[in-house]
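Visitor: I'm new to reading protein structures. Could you walk me through this one?

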Amino acid sequence: MVCLSARLPCMIDYSDNAAMAQPVDLLILPRWIIPVQPAGMLVNHALAVKAGRIVDICPADEAPSRFAARETVELPEHALIPGLINLHTHAAMSLLRGFGDDMPLMAWLKDKIWPAEQAHVSADFVRDGSLLACAEMLSSGTTCFNDMYFFPGATADAAQDAGMRAVIGMVAMDFPTAYAADAEDYLNKGLAVRDRYKGEDRMSFTFAPHAPYTISDDALGRIGVLAEQLDVPVHIHLHETLDEIRDSLSRFNMRPLERIAAAGLLSPRLIAVHAVHLLDGEIETLAKFGCNLVHCPASNLKLASGLPAVKKWLDAGINLGIGTDGAASNNRLDMFAEMRLAALLAKGVAGDAAALPAARALEAATLGGARALGMESQTGSLTPGKWADMTAVNLGGLNTQPVFDPISHLVYVAGREQVSQVWVGGELKYAEGRLSSVNMSDLKARLAYWRDKLAP
Ligand SMILES: [Zn+2]
């Protein structure tokens with residue numbers, strides 16, 4: 001069992017008045033705190049929250065004299081972990097969950113998904129689908145998601161209503177949809193949404209060129225310039241299938257990553273999703289430029305895209321995040337399932353049982369996501385000064401007994417059913433089956449409307 005002997009640094013100065021307890025909004029007393037940074041765990045400690053941020057973590061027996069809390073939450077059989085960060089979603093596609101299954105990527109897109117989107121996608125569709133996704137993610141321990149879809153303003157509206165932290169993709173592609181006419185139109189509309197949400201601390205943005213096969217070199221180059229000028233991350237599907245690479249070689253005489261490099265997009269701002277098929281030299285290039293990779297294990301399996309060499313990414317020093325992809329290709333937005341799958345597949349692919357240990361998988365699903373988004377100073381770990389984005393997991397049930405190492409259980413045993421409470425910026429958003437900011441009966445009525453409208 002790993003246990004930190006040293007306390008985390010205390011941000012409160014008691015020198016002036018040691019006897020006075022600091023007023024705080026919330027004091028949580030879990031059995032285990034797993035901060036992720038630093039690695040390891042704290043047993044019988046307390047975490048204090050004020051104005052939405054973590055102010056301190058201290059031994060539980062010291063907490064009563066140190067803090068005068070407005071609310072105290074005791075979690076005697078629980079692990080408190082950073083809120084999970086889903087690093088690749090198409091939230092609105094939750095309305096297409098189960099709409100087309102058991103097909104490879106291009107046939108699935110061309111025969112099922114794109115025609116349905118052409119016929120139905122609107123701001124209302126995106127808002128309702130995104131709210132459904134937010135409800136599912138919050139109730140399964142995810143506090144932040146990195147999205148890419150049409151009508152991104154509607155996804156931002158849904159995330160704001162649900163109270164989630166969201167990174168909204170300013171999506172871009174060449175071909176016209178109900179949302180935009182061409183790449184320039186997509187970018188202008190995305191930037192207008194970003195302006196509308198300026199100053200909202202739970203909302204940030206990426207440029208989101210859909211994939212190398214749906215966007216021209218000119219548009220990629222323009223995004224490269226804008227991303228650098230505005231210091232905004234770039235979120236793109238990359239090397240997802242062998243077909244994508246074959247198509248790129250025949251159309252451009254270049255592999256997709258070469259086009260990304262030519263457009264000036266290789267930098268720590270790049271968030272490349274899937275990366276199933278990479279040559280060893282390409283892994284070295286991505287590592288050299290500090291690029292981030294997102295592993296979506298369930299989506300890769302369901303679409304039979306292949307299995308990436310995650311251990312090689314880690315050995316090269318690449319920052320790893322984990323995503324679910326959309327609910328149309330998963331079909332769950334369940335980061336506990338993804339962590340487990342990621343850890344197991346990495347071992348199987350590498351032939352090495354230590355390829356992706358449990359603690360490393362948990363880090364990828366939290367701090368790895370925050371790093372990729374440039375948000376590691378704000379979220380991704382339970383560290384004083386960061387937002388209090390937190391998930392409590394009940395390890396008291398029989399299916400999680402006995403507990404030798406809670407970090408191991410979080411990855412290999414626990415499911416989203418064990419999530420008991422979720423806080424975003426210190427606000428309780430989910431507790432014991434209830435979401436505080438989503439009206440479930442209204443949402444269910446909207447979902448019934450879309451099911452009837454979409455039904456073949
Ligand atoms: Zn995707």
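## A walk around helix α6

Guide: Let's start with what surrounds one helix: β8 (165-172), α5 (183-196), β9 (203-209), β10 (234-238) and α8 (256-262) are among the elements that cover the buried residues of α6. Keep in mind that this is a predicted model.

Visitor: What is the mean pLDDT of the protein?

Guide: Confidence varies along the chain: over residues 1-18 the pLDDT is below 50. That stretch still has 25 contacts in the model beyond near neighbours in sequence. Across the protein, 96% of residues reach 70 or more, and the mean pLDDT is 94.

Visitor: How far apart are the end C-alpha atoms of α6?

Guide: Helix α6 covers residues 217-230, which makes 14 residues. At 1.5 Å a residue, the helix should span 20 Å. The model agrees with that, as the end C-alpha atoms are 20 Å apart.

Visitor: Why do the buried residues of α6 line one face of the helix?

Guide: The residues in question are Ala219, Leu220, Ile223, Gly224 and Ala227. On the other side of α6 you'll find Asp218, Val225 and Gln229, which are exposed. In general, an α-helix has 3.6 residues a turn, so residues three or four places apart point the same way. Seen down the axis of α6, the buried residues line one face because they fall within an arc of 145°.

Visitor: Which residue takes a positive phi just after α6?

Guide: Step just past the end of the helix and check the backbone there. The phi is about 55°, and the residue that takes it is Asp231.

Visitor: Which residues have the most contacts inside the largest nonpolar core?

Guide: This core has 144 residues. Helix α3 (residues 123-139) gives the most to the core, with nine residues. Domain 1 (22-81 + 390-425) and domain 2 (84-372) both give residues, so the core lies between them. The residues with the most contacts inside this core are Cys134 and Ala172.

Visitor: Which residues of α6 does Ala172 touch?

Guide: Leave aside the neighbours of Ala172 within four places in sequence. Its contacts then include Tyr186, Phe207 and Pro209. Helix α6 runs over residues 217-230, and from that range Ala172 is in contact with Ala219 and Ile223.

Visitor: Which element gives the most to the side of domain 1 that touches domain 2?

Guide: The centres of the two domains are separated by 30 Å, and their contact takes 16 residues from domain 1 and 22 residues from domain 2. On the domain 1 side, α14 (406-412) and β15 (419-424) each supply at least two residues. With five residues, the element that gives the most is α14.

Methods
Residues numbered from 1 in each chain as written. Predicted model: local features only at pLDDT ≥ 70, side-chain atom pairs only at ≥ 80, totals over all residues. pLDDT = per-residue confidence, 0-100. Contact = placed C-beta atoms within 7 Å. Helix = DSSP H or I, 4+ residues; strand = E, 2+ residues; numbered from the N terminus. Expected span 1.5 Å × (residues − 1). Buried ≥ 20, exposed ≤ 12 C-beta atoms within 10 Å, placed from the backbone. Arc of directions from axis to C-beta. Core = buried A, V, L, I, M, F, W, Y, C linked by C-beta atoms within 7 Å. Domains from an automatic or database assignment.
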